[in-house]
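Biologist: I have not seen this structure before. Please take me through it, and give the reason behind each label you use.

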Amino acid sequence: MLRRGQWRPWIGFVSSALDVSLVTTALVTFLIVGTPILALNSKVTFEMYFLAITATSLRYDARICLSVGVLAWLQYAALWAYSAIRFDLHDPVHFADAGAYSAIDQVTRLILLGVTVLLALNLVHRAQRLLHLGARDRLTGLYNRGHFDRALQLEFERSKRYQHPIALAILDIDHFKEVNDQHGHPTGDRVLRAIADRLAAGVRRTDVVARYGGEEFVVLFPETTRDNALARIEALRTAIGESALELGDGRTLAIGFSAGIAAYPDDAAAITPDSLLARADDRLLAAKRGGRARSIAHDEERRVTVRQEELAR
């Protein structure tokens with residue numbers, strides 16, 4: 001399924017559950033063909049639980065770590081309970097060759113399994129924290145350019161494979177240099193954070209919003225046509241333009257942006273992620289040349305803008 005690109009969330013659960021179940025199966029086999037003491041006193045096979053549980057942390061999903069760890073704990077506890085009920089584990093005649101039985105040892109094993117689950121969860125949380133820090137812009141909290149580029153590559157490949165639309169928009173804050181020059185860089189940082197917060201709040205959970213560099217932001221719209229992306233960006237631009245930033249002492253600062261939008265397959269020439277970005281960037285440039293405070297999603301608008309500039313010259 002994975003080789004065919006058919007990933008499903010349950011695959012991680014099933015494969016990790018199989019890992020610990022194989023260890024339990026081996027111990028049950030010792031009980032059947034050997035003795036229960038041989039299964040409960042295993043010095044090698046039991047330790048495989050630790051490897052299987054720790055390996056779940058490589059999936060970066062705390063739910064898998066917890067569920068598989070609990071499964072391993074319950075399976076071994078059930079094996080111990082069955083052996084204690086079914087056999088006289090203190091019988092020195094039948095089980096002497098397999099070593100002495102100790103209930104304390106079995107309790108200790110269950111405790112160790114629980115500790116291993118906690119360690120695996122801690123590894124997952126640390127890895128998720130590092131992944132979060134590596135994928136986020138420190139000032140705005142949005143995704144950074146590296147994460148966006150990876151997301152765009154994956155979503156574009158999926159879009160081409162299943163022939164689903166995908167759109168992206170590049171946004172540039174209007175007159176941002178003047179904000180820094182007139183109000184200082186701390187105010188400029190506030191503007192960036194305000195734009196970031198409003199963009200993040202105004203998109204779907206499946207959309208990807210990132211700070212692309214300086215005062216530029218990008219928004220990736222999976223399963224979205226170019227015209228629908230234009231409508232959503234315009235709604236965001238209008239909402240942001242109508243809510244001024246409070247500077248204190250009764251002063252406010254109006255903020256806005258210009259945007260260029262491109263989509264696949266609406267833009268037939270945009271057949272790679274780079275060409276899609278380039279097309280959106282060209283339209284952003286046309287929007288800025290046309291007077292800013294606008295969004296452009298069609299080349300016809302760009303040609304009209306260029307023609308107006310030529311006539312003006």
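Biologist: Which residues are linked in a network of salt bridges?

Modeller: The model is a predicted one. The network links Arg226, Asp267, Arg279, Arg283 and Asp299. A search of the whole structure finds 14 salt bridges.

Biologist: What makes the contact of Arg279 with Asp267 a salt bridge?

Modeller: The closest N and O atoms of Arg279 and Asp267 are 3.7 Å apart. The cut-off is 4 Å between a side-chain nitrogen of Lys or Arg and a carboxyl oxygen of Asp or Glu, so the pair qualifies. Arg279 lies in helix α11 (residues 273-289) and Asp267 in the loop between β6 (257-264) and α11, so the salt bridge ties together parts that are 12 residues apart in sequence.

Biologist: Why is Asp267 called buried?

Modeller: Its relative accessible area is 3%. Buried means under 20%, so Asp267 is buried.

Biologist: How do you know that Glu155 and Arg158 meet in a salt bridge?

Modeller: Their N to O distance is 2.9 Å. That is within 4 Å, so the label applies. The two residues are 3 residues apart in helix α7 (residues 145-162), which means they are separated by about one helical turn.

Biologist: Are Glu155 and Arg158 buried or exposed, and what decides it?

Modeller: Each is partly exposed: Glu155 has a relative accessible area of 21%, and Arg158 is at 30%. Partly exposed is the class between buried, under 20%, and exposed, over 50%, so both values fall there.

Biologist: What makes Arg232 and Asp207 a salt bridge?

Modeller: The distance, N to O, is 2.4 Å, and the cut-off is 4 Å. Arg232 lies in helix α10 (residues 226-242) and Asp207 in the loop between α9 (185-201) and β2 (208-213), so the pair ties together parts that are 25 residues apart in sequence. Arg232 counts as partly exposed at 23% relative accessibility, whereas Asp207 counts as buried at 7%.

Biologist: Why does Asp174 have no salt bridge?

Modeller: The nearest side chain of opposite charge, Arg292, is 4.1 Å away. A salt bridge has to be within 4 Å, so this pair is not counted. Asp174 is buried all the same. It is found in the loop between β1 (166-173) and α8 (176-183). Leaving out residues up to four places away in sequence, Asp174 touches Gly256, Phe257, Ser258, Arg292 and Ala293.

Biologist: What is the order of the strands in the open sheet?

Modeller: The order is β2-β3-β1-β6-β7, which makes 5 strands with mixed pairing.

Biologist: Why are β2 and β7 called edge strands?

Modeller: Each of them pairs on one side only. Even so, β2 is mostly covered, with 5 of its 6 residues buried.

Biologist: How do you know that β2 and β3 pair?

Modeller: They are joined over 5 bridges, in the antiparallel sense. A pairing needs at least two, so the two strands meet the rule. Val208 stands opposite Leu220 in β3. The hairpin of β2 and β3 has 2 residues between the strands, and Gly214 takes a positive phi near 60 degrees there.

Biologist: How many bridges join β1 to β6?

Modeller: There are 8, and the two strands run antiparallel. Ile173 stands opposite Phe257 in β6.

Biologist: Which backbone values should I look at twice?

Modeller: Most residues other than glycine have a negative phi, and most peptide bonds are trans. Tyr60, in the loop between α3 (48-55) and α4, has a positive phi near 55 degrees. Glu223, in the loop between β3 and α10, also has a positive phi near 55 degrees. The peptide bond from Tyr264 to Pro265 is cis, with omega near 5 degrees. Pro265 is found in the loop between β6 and α11.

Biologist: What makes up the nonpolar surface patch?

Modeller: Leu66, Val70, Trp73 and Leu74 make a patch of about 350 Å². Leu66 is found in helix α4 (residues 62-86). Its relative accessibility is 45%, so Leu66 is over the 30% that a patch residue needs.

Methods: Residues are numbered from 1 along each chain as its sequence is written. This is a predicted model: local features need pLDDT of at least 70, side-chain atom pairs count only at pLDDT 80 or more; totals for chains, interfaces and linings use all residues. Side-chain values use heavy atoms; hydrogens and water are left out. Helices (H or I, at least four residues) and strands (E, at least two) are DSSP runs, numbered from the N terminus. Buried means under 20% relative accessible area, exposed over 50%, partly exposed in between (1.4 Å probe, protein chains only). Lys and Arg count as positive and Asp and Glu as negative; His and the chain ends are not counted. Contact means heavy atoms within 4.5 Å. Patches are made of residues with over 30% relative accessible area and no salt bridge: like charges are joined within 9 Å, nonpolar side chains (Val, Leu, Ile, Met, Phe, Trp, Tyr) within 5 Å. Accessible areas come from the Shrake-Rupley method with a 1.4 Å probe; for residues, only the protein chains shown count as cover.
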